[in-house]
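Visitor: Could you take one part of this model and go through it slowly with me, explaining each term as it comes up?

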Amino acid sequence: MKKILGNKNNITLLAIIMLLVILAFSGCGASNDESSDNAVEPSTSTNVGDEFESTIGTFSDVVSWSDADQYVGEYVTVEGPVVSTYYAESSNGSPTFLDVGGDYSSAERFTVVIWEEDRDNFSSAPEDMYAGETIKVSGTVEMYKGSPEIEITSPDDIEIK
């Protein structure tokens, strides 16, 4: 032992190893029960009022339809008036379009897209249900031909204000 401790390099190496061992075991004291006390539980309650409850979560921060292009790739709630609607029954995928803030011919618009496969999730034809209404819609904003849009699959993703 004296021979091992006699060399300065060995003492330094031993001190580093001991320090690493202490650091490695210092974080092992917390049990799973302690760390789960700080976990955030997902909301399952239905909120009424300014907050919008969707199947994914609650959103109280609402983005104007005219600012939606600033949130591309983000999951947000967008609000605005439905100016025109169109069910493109003969187009590929038979989409329903809800044009918000401006009609289809306007470059200044936000569009909600509902595909044919999801139309049965709505109690009536979405192009009739939301025409002329001010809506809040939650989803991921994407750009299509220069205009922001959100694709939705359920009435849980859209609310008439």
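Guide: Let us begin where Tyr-144 stands opposite Ser-147, a residue of strand E9. This is a predicted model, in which local features need pLDDT of at least 70 and side-chain atom pairs count only at pLDDT 80 or more, while totals for chains, interfaces and linings use all residues. Residues are numbered from 1 along each chain as its sequence is written, and side-chain values use heavy atoms, with hydrogens and water left out.

Strand E8 (residues 142-144) pairs with E9 in the antiparallel sense over 3 bridges; strands are DSSP runs of at least two residues, numbered from the N terminus, and two of them pair if DSSP finds at least two bridges between them. The hairpin that E8 and E9 make has 2 residues between the strands, and in this hairpin Lys-145 takes a positive phi near 50°. E9 also pairs with strand E6 (residues 110-114), this time in the parallel sense and over 4 bridges, and here Val-112 stands opposite Ile-150 of E9. Of the 6 residues of E9 (residues 147-152), 5 are buried, so the strand is largely enclosed by the rest of the structure; buried means under 20% relative accessible area, exposed over 50%, and partly exposed in between, with a 1.4 Å probe and protein chains only.

From the strands we can turn to the charged side chains. A salt bridge is a side-chain nitrogen of Lys or Arg within 4 Å of a carboxyl oxygen of Asp or Glu, and by this rule the count comes to 4 salt bridges. One of them joins Lys-136 and Glu-159, with 4.0 Å from N to O. Because Lys-136 lies in strand E7 (residues 134-140) and Glu-159 in strand E10, this pair ties together parts that are 23 residues apart in sequence. Lys-136 is buried, at 5% relative accessibility, whereas Glu-159 is partly exposed, with a relative accessible area of 24%.

Another salt bridge links Glu-79 and Lys-161, whose closest N and O atoms are 3.1 Å apart. Glu-79 belongs to strand E4 (residues 75-87) and Lys-161 to the segment after strand E10 (158-160), so parts 82 residues apart in sequence are tied together by this pair. Lys-161 itself is exposed, with a relative accessible area of 59%. In the salt bridge between Arg-119 and Glu-127, the closest N and O atoms are 2.8 Å apart; Arg-119 counts as buried at 13% relative accessibility, and Glu-127 counts as buried at 13%.
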